[in-house]
Amino acid sequence: MTALPGNWRVLIIVENLPCPFDRRVWQEALALRAGGYAVSIICPKGRGSEKSYELLEGIHVYRHPQPIEGDSALGYGLEYMFALLMQFSLALRIAFTRGFDVIQGCNPPDTIFLIARIFKLFGKRFIFDHHDINPELYEAKFGRRDVWYRLLCRLERWTFATADVSIATNESYRRIAIERGGMPPSRVFVVRSGVDLTRVHPVSPRAALRRGKRYLVGYVGVIGKQEGLDLLLGAVAYMRQVLHRDDVHFVVVGDGTERAAMEQLSRALSVEDCVEFTGRIPDAALWEIIETADACVNPDRANEMNDKSTMNKILEYMAFGKPIVQFDLTEGRYSAGEASLYARRDDVADFAVKLCELLDDPVRRETMGEVGRRRLEAGLAWHHQVPQLLQAYETAMNLGEVGTRSVDSNL
């Protein structure tokens with residue numbers, strides 16, 4: 001018997017970013033609501049998302065404080081434990097008010113299964129939305145496989161063991177769910193973090209963003225240890241000191257635990273006058289930067305985490321028809337195809353040379369940008385992912401009787 005989605009209620013739990021700032025989670029929530037599900041979200045507070053409760057576009061958003069932001073193994077542990085307590089408290093509140101039939105847990109961290117296990121005792125389903133491969137993420141951040149790494153491997157296994165259905169962001173993650181997580185292939189669905197093209201509005205370029213330079217290069221994303229901003233700054237220094245290029249301005253959009261360190265590194269490399277750090281900015285300002293940019297970059301360093309992960313920034317660049325330069329990683333190449341040039345892994349000199357080649361060839365830039373936009377429209381945009389998301393939910397809902405179907409029922 002096929003489940004009727006209008007009778008089902010969804011609780012999405014995410015710790016990594018506040019909503020609606022977390023674009024993947026927000027797009028999933030909107031797609032589920034449009035598909036007839038009643039949707040609630042638990043997430044942390046953040047700049048621009050300080051309210052404890054909001055009803056946004058039909059989505060009930062519950063936010064908790066996040067006083068701890070980890071930048072060490074112990075710090076992350078404390079952050080995640082506090083978030084887990086807040087999430088469980090809000091889940092109880094929602095269970096006894098709006099109610100829910102399925103929990104969608106979005107990692108990192110791989111701890112939300114602990115909440116799901118409790119509610120599964122009452123017939124709820126658990127869908128694991130696999131955003132990051134956390135053992136590899138830990139190794140990328142700290143460069144070691146110690147007791148914390150082994151704990152993360154266990155948490156990942158327990159998460160997959162608890163999940164009724166798993167959502168993977170790409171085929172690499174799907175293989176991990178099946179081979180490492182032991183999930184039946186029929187219960188693992190690829191839902192890529194595609195760009196919602198209906199929410200990307202064309203804007204006019206602003207020449208002033210070039211700060212008097214001939215070219216503008218853009219970076220959009222998190223500023224953490226594994227994102228390779230130090231490699232990008234090394235490439236900028238190489239362009240200046242070895243290739244004698246002083247006609248390029250770089251804009252780095254985003255924030256993260258390494259932002260202060262990267263700003264300090266830019267000064268140490270004497271490139272602070274041509275690298276601008278904006279922090280998090282509104283979409284309209286972000287779109288102006290990407291629209292003005294002559295090329296965009298993805299300097300993710302080569303490691304198991306980045307090689308297997310799909311980076312949202314690549315798809316965002318493609319949505320604006322921008323050519324890309326990045327290091328040659330598996331999922332990065334799958335996403336961008338011929339819309340990108342690929343430098344040798346972690347080779348800042350080759351990255352700088354490739355970027356200069358691209359900037360000096362306007363015809364090639366235009367062709368690559370058009371290829372990227374068509375590639376996105378043909379299969380990678382968000383509207384292509386929605387059917388898989390809804391199928392994942394239908395599969396979870398039809399595994400057996402779950403909770404009750406009354407909108408106002410509780411535990």
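Helix H11, which spans residues 312–319, is mostly covered in this predicted model, since seven of its eight residues count as buried, a word that here stands for under 20% relative accessible area. The buried residues are Lys313, Ile314, Leu315, Glu316, Tyr317, Met318 and Ala319. Looking outward from these residues, the reader will find that they pack against helix H1 (23–34), helix H12 (330–336) and helix H14 (362–380), and also against three strands, namely S9 (215–220), S12 (295–298) and S13 (324–327). Just after the helix, Gly321 takes a positive phi of about 65 degrees.

The strands that H11 touches lead on to the sheet. S9, S12 and S13 belong to an open sheet of six strands, whose order is S11-S10-S9-S12-S13-S14 and whose pairing is parallel. At the edges stand strand S11 (275–279) and strand S14 (340–343), and because each has a single partner strand, one side of each is left without a neighbour in the sheet. From one strand to the next, the twist averages 25 degrees. At the S14 edge, the parallel strands S13 and S14 are joined by four bridges, and here Ile324 stands opposite Ser340 in S14.

Two further helices can now be placed against this sheet. Helix H7 (residues 229–241) packs on the sheet and touches S9, strand S10 (248–253), S11, S12 and S13, while its direction makes about 170 degrees with that of S10. Helix H9 (residues 283–292), in turn, lies across S9, S10, S11 and S12, and runs at about 135 degrees to S9.

Key: Residues numbered from 1 in each chain as written. Predicted model: local features only at pLDDT ≥ 70, side-chain atom pairs only at ≥ 80, totals over all residues. Heavy atoms only, no water. Buried < 20%, exposed > 50% of the residue type's maximum accessible area, 1.4 Å probe, protein only. Helix = DSSP H or I, 4+ residues; strand = E, 2+ residues; numbered from the N terminus. Contact = heavy atoms within 4.5 Å. Pairing = 2+ DSSP bridges. Axes fitted to C-alpha atoms, helices over the stretch in contact; angles between N-to-C directions.
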